[in-house]
Structures are given as C-alpha cells and as structure tokens.
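User: I keep running into labels like "buried" and "salt bridge" and I'd like to see where they come from. Can we go through some?

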Amino acid sequence: DRELVLEAVRQNGNALHFAAEPLKSDRELVLEAVHQSGVALQHAAAPLQADRELVLDAVRQNGVALHFAAEPLMSDRELVLEAVCQ
C-alpha cells in the first residue's frame, strides 16, 4: 500500500528498502525518503539514482548519498561540492 510506505519513509527514509519494487520507482515516495535520510537513495530504482534533482536533495541531506548516485552524476561538480560540504 503506497500510503503506508509513504508514511513509513517519512518516519525513516531507509524503510524504502522494504518497499515493493514498483514503489522504489515512485519519484514522490523516493523524494520523501531521501529528505528524511539521504542514503535511502541506495534503495531507489536506478532511473531515480540518475535523477540529478533527486540526487542533489539526497546529497544535501547526507553527503554520503553521492556514493549511491548513477555513475555520471558522481563527477558532477555541484553534487561533489555539496557532498564535501556535508
């Protein structure tokens, strides 16, 4: 149930790990998860790990989240600077 998972990730972003695979592709749900815990990005579907805006939000919450971004984003200057500043 999407609403149940949404409430869970608002409490603990890493609850995304236990979500059904289709929900890991739900941008709104993943955005809520990374706002709560940036490293929840590791549980997101690959296309969302390549979403620069979503990755930026995750990195702003926790710089370690850059480690879970898609390869091309790992060398993005702004993302790297945000991660280092955390």
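**Where the labels come from**

Analyst: Sure, and keep in mind that this is a predicted model. Let's start with a pair: Arg2 and Glu28 form a salt bridge, with their closest N and O atoms 2.7 Å apart. The partners sit in distant parts of the chain, 26 residues apart, with Arg2 in helix H1 (residues 2-11) and Glu28 in helix H2.

User: What makes Arg2 and Glu28 a salt bridge?

Analyst: The cut-off is a side-chain nitrogen of Lys or Arg within 4 Å of a carboxyl oxygen of Asp or Glu. Arg2 and Glu28 come to 2.7 Å, so the label fits.

User: And why is Arg2 called partly exposed?

Analyst: Partly exposed is what lies between the buried limit, under 20%, and the exposed limit, over 50%. Arg2 has a relative accessible area of 25%, so it gets the middle label. Glu28, at 46%, counts as partly exposed too.

User: How do you know that Lys24 is buried or exposed?

Analyst: Lys24 has 9% relative accessibility, and buried means under 20%, so Lys24 counts as buried. Its salt-bridge partner is Glu21, with the closest N and O atoms 3.3 Å apart. Glu21 has a relative accessible area of 55%, and over 50% means exposed, so that is the label for Glu21.

User: What about Asp51, why does that one count as buried?

Analyst: Its relative accessibility is 18%, and the limit is under 20%, so Asp51 counts as buried. Asp51 lies in the loop between helix H3 (46-49) and H4. Leaving aside neighbours within four places in sequence, Asp51 is in contact with Arg27 and Leu73.

User: Now the helices. Why is H2 called roughly parallel to H4?

Analyst: Helix H2 (residues 27-36) and helix H4 (residues 52-61) pack at an angle of about 20°, with their axes 8 Å apart. Angles under 35 degrees count as roughly parallel, so H2 and H4 get that label. H2 passes H4 in a left-handed crossing.

User: Which residues make that contact between H2 and H4?

Analyst: From H2 they are Arg27, Val30, Leu31, Val34, His35 and Gln36, and from H4 they are Glu53, Leu54, Asp57, Ala58 and Gln61. Sorted by class, the contact has five nonpolar, three polar and three charged residues.

User: Last one: how many salt bridges does a search of the whole structure find?

Analyst: The search finds 12.

How values were computed:
Residues numbered from 1 in each chain as written. Predicted model: local features only at pLDDT ≥ 70, side-chain atom pairs only at ≥ 80, totals over all residues. Heavy atoms only, no water. Axes fitted to C-alpha atoms, helices over the stretch in contact; angles between N-to-C directions. Helix = DSSP H or I, 4+ residues; strand = E, 2+ residues; numbered from the N terminus. Parallel < 35°, antiparallel > 145°, perpendicular 65-115°, else oblique. Left-handed = near helix turned anticlockwise from the far one by under 90°. Contact = heavy atoms within 4.5 Å. Nonpolar A, V, L, I, M, F, W, Y, C, P; charged D, E, K, R; others polar. Buried < 20%, exposed > 50% of the residue type's maximum accessible area, 1.4 Å probe, protein only.
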